[in-house]
Amino acid sequence: MEIKRRYRPLIAGLSAVRKVDGPRSVLSVIGNKKCACVALCYGILISQAIKWQGIRYVYSYLHNEMKIALLGYGKMGHEIEKVAIDRGHEIVATIDNDEEWASKAAALRTADVAIDFSTPATAVGNIDRCFALHLPVVVGTTGWYDQLDAKIRECEEKGESLFVASNFSIGVNILFDLNRRLAKLMNRYGNYSGSITETHHIHKLDAPSGTAISLAKGIVGNIDRLAGWELDEGKAIPQEKLPIKAIREGEVPGIHEVAYDSEVDTIRIYHSAKSRKGFAVGAVIAAEYLKGKKGYHTMEEMMD
Ligand SMILES: NC(=O)c1ccc[n+]([C@@H]2O[C@H](COP(=O)([O-])OP(=O)(O)OC[C@H]3O[C@@H](n4cnc5c(N)ncnc54)[C@H](O)[C@@H]3O)[C@@H](O)[C@H]2O)c1
C-alpha cells in the first residue's frame with residue numbers, strides 16, 4: 001500500500017505525458033521536454049524515498065530496534081516503556097491481566113521480545129505463554145524462584161529464550177560481584193558474622209527481595225561455615241544460617257546492605273537505588289542482548 005501511494009504521482013505524471021503525446025513511441029514522449037522533466041523529477045523523488053526507506057531498515061537493523069510486549073504494566077512496566085521508546089524500540093502490546101492475553105493476542109504475535117514485570121503469582125504462567133508463542137522473554141518479576149530451576153530446564157529442552165535477573169541495575173550487579181569477592185575473603189575469618197538488610201516500598205509483595213536472595217546465595221556459596229539463609233523475623237537464628245532482614249517503608253525503590261560484624265569492627269557494602277530507572281534501563285538492555293539468542297541468560301553473563 002505504502003509503495004503504491006508513492007508511485008501515484010509518477011503514474012499521474014506518465015499519464016499526463018501519454019495524454020499530451022498520445023500513443024506514440026517512448027522516444028517521442030522524451031522529446032516532449034516539459035513532460036519528460038516532470039516524469040524525471042517524480043522518478044528522482046521516488047528513488048530517494050525508496051533509498052531512505054532502505055536506509056531506515058538498515059538503521060533499525062544495526063541499532064537493534066525491537067517490537068516489545070510488556071507483561072505487567074504497573075510501576076516498572078511504565079518506566080520500561082519510557083526507556084524502550086528513548087532507545088528507539090516500539091511497544092506493540094501491554095498486558096496487565098490474564099484477560100488481555102486473549103484480547104491482545106494479535107499484537108503479541110508481532111513482538112520480537114517480551115519483558116515481564118508482573119506479580120510473583122503470574123510470572124510463571126506468563127513465561128509458559130511466551131514459551132508456547134516462541135517469544136523470547138526477559139523476566140524481572142521476583143518471588144517465584146522456587147520454580148526457576150524447572151523453567152531453566154524447560155527453556156533449554158524446548159529451545160526457547162529466557163533471561164532472568166533479580167535485579168537489572170548495573171550498580172547492583174557490581175555489588176553482586178563485590179559481594180562474592182568479599183565472601184571469599186571472609187571465609188578465612190570466622191570471627192565475623194554476616195547479615196543482609198534490604199529496604200523497599202510498602203507495595204512490594206515478596207520478602208526478602210529477590211536481590212537479597214541473590215546476595216545470600218553469593219555469600220552462602222562462598223563461606224563454608226554457612227548452610228543457607230533465613231528471614232529475620234525477630235526470632236533466634238541458628239549460627240549456620242545467614243539472617244536477612246526485610247524492611248518495608250514509604251516509597252523506597254530499593255536499598256541493600258551486606259554487613260560483617262565482629263567484636264571490634266563492622267564491614268559494610270551497600271547499594272541504594274535512587275529511582276526505578278536503573279532497573280528499567282538494565283531490563284531493556286537485557287532484551288536487546290536476548291534478541292536472536294536461545295537458552296537461558298543472566299546479567300552475570302551479559303556483563304562479563
Ligand atoms: N528485577 C528487577 O530489577 C526488579 C526491579 C523492580 C521490581 N521488580 C519486581 O518486578 C515486579 C513488578 O514490580 P512493579 O513495581 O512494577 O509492580 P506493580 O504492582 O506496580 O505492577 C505489576 C503489574 O502486573 C499486573 N498483572 C497482574 N496479573 C498479570 C498478568 N497475568 N499478566 C501481566 N500483568 C499482570 C498488575 O495489574 C500490575 O499492574 C515485582 O515482582 C517486583 O519485585 C524487579
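Select N222 and display its contacts, two residues being in contact if their C-beta atoms, placed from the backbone, lie within 7 Å. Apart from its neighbours within four places in sequence, N222 touches R180, A183, K184 and N187. The model is a predicted one, in which local features need pLDDT of at least 70 and side-chain atom pairs count only at pLDDT 80 or more, while totals for chains, interfaces and linings use all residues. Residue numbers start from 1 along each chain as its sequence is written.

N222 sits in the loop between α10 (210-220) and β7 (229-231). Helices (H or I, at least four residues) and strands (E, at least two) are DSSP runs, numbered from the N terminus. Is N222 buried or exposed? It counts as partly exposed, because 17 C-beta neighbours lie inside 10 Å. On this scale a residue is buried if 20 or more other C-beta atoms lie within 10 Å of its own, exposed if 12 or fewer, and partly exposed in between, with C-beta atoms placed from the backbone. Add R181 to the selection: its C-alpha atom is 8.7 Å from that of N222, although the two residues are 41 apart along the chain.

**Helix α9**

Next, select residues 170-186, which form helix α9. Its 17 residues reach 24 Å from the first C-alpha to the last, close to the 24 Å expected at 1.5 Å a residue; the expected span is 1.5 Å times one less than the number of residues. Colour V172, N173, L175, F176, N179, L182, A183 and M186, the buried residues of α9. An α-helix has 3.6 residues a turn, so residues three or four places apart point the same way. The elements that cover the buried residues of α9 include β6 (193-200), α10, β9 (255-261), β10 (266-272) and α12 (299-303).

**Strands β6, β7 and β8**

From β6, move to strand β8 (residues 242-248): the two pair in the parallel sense over five bridges. Strands are said to pair if DSSP finds at least two bridges between them. T197 has K245 in β8 as its bridge partner. On β7, W229 is bridged to L242 in β8, and three bridges join these parallel strands, β7 and β8.

Then centre the view on P208, in the loop between β6 and α10. The peptide bond from A207 to P208 is cis, with omega near 0°.

**The six-stranded sheet**

Now show the open sheet of six strands, ordered β2-β1-β3-β4-β5-β11 with parallel pairing. Its edge strands are β2 (90-95) and β11 (295-297), each of which pairs on one side only. Neighbouring strands of this sheet are turned by 20° against each other on average, direction ignored. Axes here are lines fitted to C-alpha atoms, for helices over the stretch in contact, and angles run from 0 to 180 degrees between N-to-C directions. At strand β1 (residues 67-71), five bridges make the parallel connection to β2, and L70 stands opposite T94 in β2.

Helix α7 (residues 123-133) packs on the sheet, where it touches β1, β3 (113-116), β4 (137-139) and β5 (161-164). The direction of α7 makes about 165° with that of β4. Helix α8 (residues 148-158) lies across β5 and β11, running at about 135° to β11.

Follow the chain from α7 into the loop that leads to β4, and stop at H134. H134 has a positive phi of about 55° although it is not a glycine. With 10 C-beta neighbours inside 10 Å, H134 counts as exposed.

**The ligand shell**

Select the ligand and the residues near it, that is, those whose C-beta atom, placed from the backbone, lies within 6 Å. Which of the 27 residues around the ligand come nearest? They are G72, G74, M76, S118 and G140. Helix α4 (residues 75-86) supplies the largest share of the shell, three residues.

**Helix α11 and the whole chain**

Select residues 277-290 for helix α11, whose 14 residues reach 20 Å from first C-alpha to last, close to the 20 Å expected. Buried residues in α11 include G278, F279, A280, G282, A283, V284, A286, A287 and L290. Just after α11, G292 takes a positive phi of about 80°.

Finally, show the entire protein chain, whose secondary structure comes to 12 helices and 11 strands. Buried residues make up 30% of its 304 residues. Of the contacts between residues at least 6 apart in sequence, 66% join residues at least 24 apart.
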